[in-house]
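Okay, thanks for making time, everyone. Let me put the model up and then talk you through it piece by piece.

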Amino acid sequence: MQKQTDTAMDAHLFRLFCQTSLPLLQGARIEKIQEPAPGLLAISVYSQGHKRQFFFRFGRKDSFCFAGQNRLAANRPPSAPIMRIRRYFADKRIAAAVCQFCSRRLWLMAANANLAGTAADQKTVWLCLDLKDGPSLRFLEEGEQPEPDEPNWPEAGTLAAAMADWRSWTVLTPALRKTLRLLDEPEGMALLQDLQQGHGDVFLYTDSDAEITLALAWPLPAELARNLGEIQRDDIAAALSDAGQSLVLGKLARDRQTALLKPAQKRIRQLGKLLDKLAADEQKFNKMAACAGEARRLQNNLWRWRKDAKEKTLILPDDGRELALDDRFSIAENMARMFHAAKRARRGLEKIAARRQELADELLALKNLDAAHAPEIAPQVENGPGNSQEPAPKSGAARTLLALQKTLPKNVQAYAGQDGYIYLRGKDAKGNRAMRKYASPHDLWAHVASGPGAHVIILRQNPGIEVPDTTLDEAGALAAAKSWLCAAANADVVFAELRHVKPVKGAPDGKVVYDKVYQSRRVPVEPDIESRLTGMATK
């Protein structure tokens, strides 16, 4: 089934988000403002004794916002607008928050923002988070503030007229109008009254892969739901978090995977050109191979002419056809050259066949890889609807692995684990450093404790994923197999998020320090771990 292409957050769902988020935002201290990807804003706050992160994806077709407990680290420098927002809001408390749900805007006012020495020093600074147009700073006069929405709602008996004149009714959003057109007036009015009261459940819709593709503040009619699975959730914050993991962070992971495998797309184009060149060479060699027949005909009739004679053409009596020769050489020399060219052509055709099969196998492996499906690299996020902890398909991990093996540098190895995760391991100190550019800050780094050894990175979709113990044991065994404990029965392995692992300035390649441990484990050392994982990837 084709996935939804327009996943813009509806205004009524945005209203539910604001109702659950405003109590957490008012009075909270803003710790970090980051831009993990273009159009994606992450605001980390400390509120009511907990750290939380609010995500805002801006845009016309894929806007969404949600809150989560896990921080998504930015792996890119912030843009100029984000730097300007940081100037006024970083490390400040949120003095006020206002929701304008019809326009899908959330306003935040910074307490004690430093405006001294600016033209706006007698004003208050507000951050307007507009899901359609993006974030912007607004400077309002002292005592002035945005007003919450108080829109008009259609009354009984006016729904049909309101639908005909929907531009005058801001509460009749595009997604809501699609549903209302399929309901009779009493059902439509009942739905509007529920939405007007501003409370209710969140309805999540999943595709055949159990991935969330749509979230709404009301249930879809059967005509619109079609083959989608419906999940009703009364915990609004948790439902939006689950939806955001799929709609926002899942898309971010797919974009990251596309960028990671960009060299594979370049290789596909190269393979196409190489196969075209092989076809041209094959045509030339086939023409050369045909010389063997002409040479045999000439050999059978050679007694008719002097061997040292030089001719441009000969008429062979067996069929009367004209045979072109090179008059720089004798008739006997022309015959020998024809036999030699045919022999070379046969050897060339054998090499072309072998090379074509090799290129075709590589091309098939790359074309079978669907770079738009990042969940094939790692399991879905957290427990919840559409986010089960079932392993990713081994076939998907195998296809991803095949493509990575074609694009990674020679000093970086890639393996696929039994839970569907991809592991990267450096073959030497330079490989330990090189593989970091293929990873994200929330990926897990593994290394044996208290001694030299290989670095291993576990690629995971986002920081919300709880990595299974079996995956940690496999990654630890990979690290231990190329370490000072390779002959031991067990090894103590340290795991840390890559953002907490820093290269040592001025030290040799691969020398790092870590300032926060994700987990420490004692894992069994498996001498055959590489062959086991290699065999698993081919299943």
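Leu183 is partly exposed, with a relative accessible area of 26%; buried here means under 20% relative accessible area, exposed means over 50%, and partly exposed is what lies in between, using a 1.4 Å probe and protein chains only. Before I go on: this is a predicted model, so local features need pLDDT of at least 70 and side-chain atom pairs count only at pLDDT 80 or more, while totals for chains, interfaces and linings use all residues. Residues are numbered from 1 along each chain as its sequence is written, and side-chain values use heavy atoms, with hydrogens and water left out.

Back to Leu183. Leu183 lies in the loop between α4 (174–180) and α5 (185–197); helices (H or I, at least four residues) and strands (E, at least two) are DSSP runs, numbered from the N terminus. What does Leu183 touch, not counting residues up to four places away in sequence? Gly188 and Leu191, where contact means heavy atoms within 4.5 Å. Pro221 is 38 residues from Leu183 in sequence, and the C-alpha to C-alpha distance between them is 8.1 Å.

Now zoom out. The chain has 14 helices and 21 strands, and buried residues make up 48% of its 539 residues. If you take the contacts with a separation of 6 or more, residues 24 or more positions apart account for 61% of them.

Next, the sheets. One is an open sheet of four strands, in the order β1-β2-β3-β4, with antiparallel pairing; two strands pair if DSSP finds at least two bridges between them. Each of β1 (29–37) and β4 (64–68) has a single partner strand, so these two stand at the edges and one side of each is left without a neighbour in the sheet. From one strand to the next, the twist averages 20°; for angles, axes are lines fitted to C-alpha atoms, for helices over the stretch in contact, and the values run from 0 to 180 degrees between N-to-C directions.

In the middle of that order, β2 (residues 40–47) and β3 (residues 50–57) run antiparallel and are joined by eight bridges. As an example, Ala42 has Phe55 in β3 as its bridge partner. Helix α1 packs on this sheet, touching β2, β3 and β4, and its direction makes about 150° with that of β3. Helix α2 (residues 80–89), meanwhile, lies across β1 and β2 and runs at about 175° to β1.

There's also an open sheet of three strands, ordered β10-β9-β11, again with antiparallel pairing. Here β10 (212–216) and β11 (229–233) are at the edges, each with a single partner strand, so one side of each has no neighbour in the sheet. The twist averages 25° from one strand to the next. Strand β9 (residues 202–206) pairs with β11 over five bridges in the antiparallel sense, and Leu204 stands opposite Ile231 in β11.

On to the cores. A nonpolar core is a set of buried Ala, Val, Leu, Ile, Met, Phe, Trp, Tyr and Cys residues joined through side-chain atoms within 4.5 Å. The largest one has 75 residues, and the members touching the most others are Phe14, Phe17, Phe56, Phe64, Phe89 and Leu106. Helix α1 (residues 11–25) gives the most to this core, with nine residues. A second, separate core has 25 residues, including Val448, Val456, Ala479 and Val523.

Last topic, the rings. Rings of Phe, Tyr and Trp (its six-membered ring) pair if their centres lie within 6.5 Å, and planes under 30 degrees apart count as stacked, over 60 as edge-to-face and the rest as tilted. By that rule, the count is eight aromatic pairs. Phe55 and Phe66 have ring centres 4.8 Å apart and planes at 20°, so that pair is stacked. Phe55 is in strand β3 and Phe66 in strand β4, so the pair ties together parts 11 residues apart in sequence. Phe55 is buried at a relative accessible area of 2%, and Phe66 is buried at 0%. Trp107 and Trp126 form an edge-to-face pair, 6.5 Å centre to centre with 75° between the planes, and both are buried.
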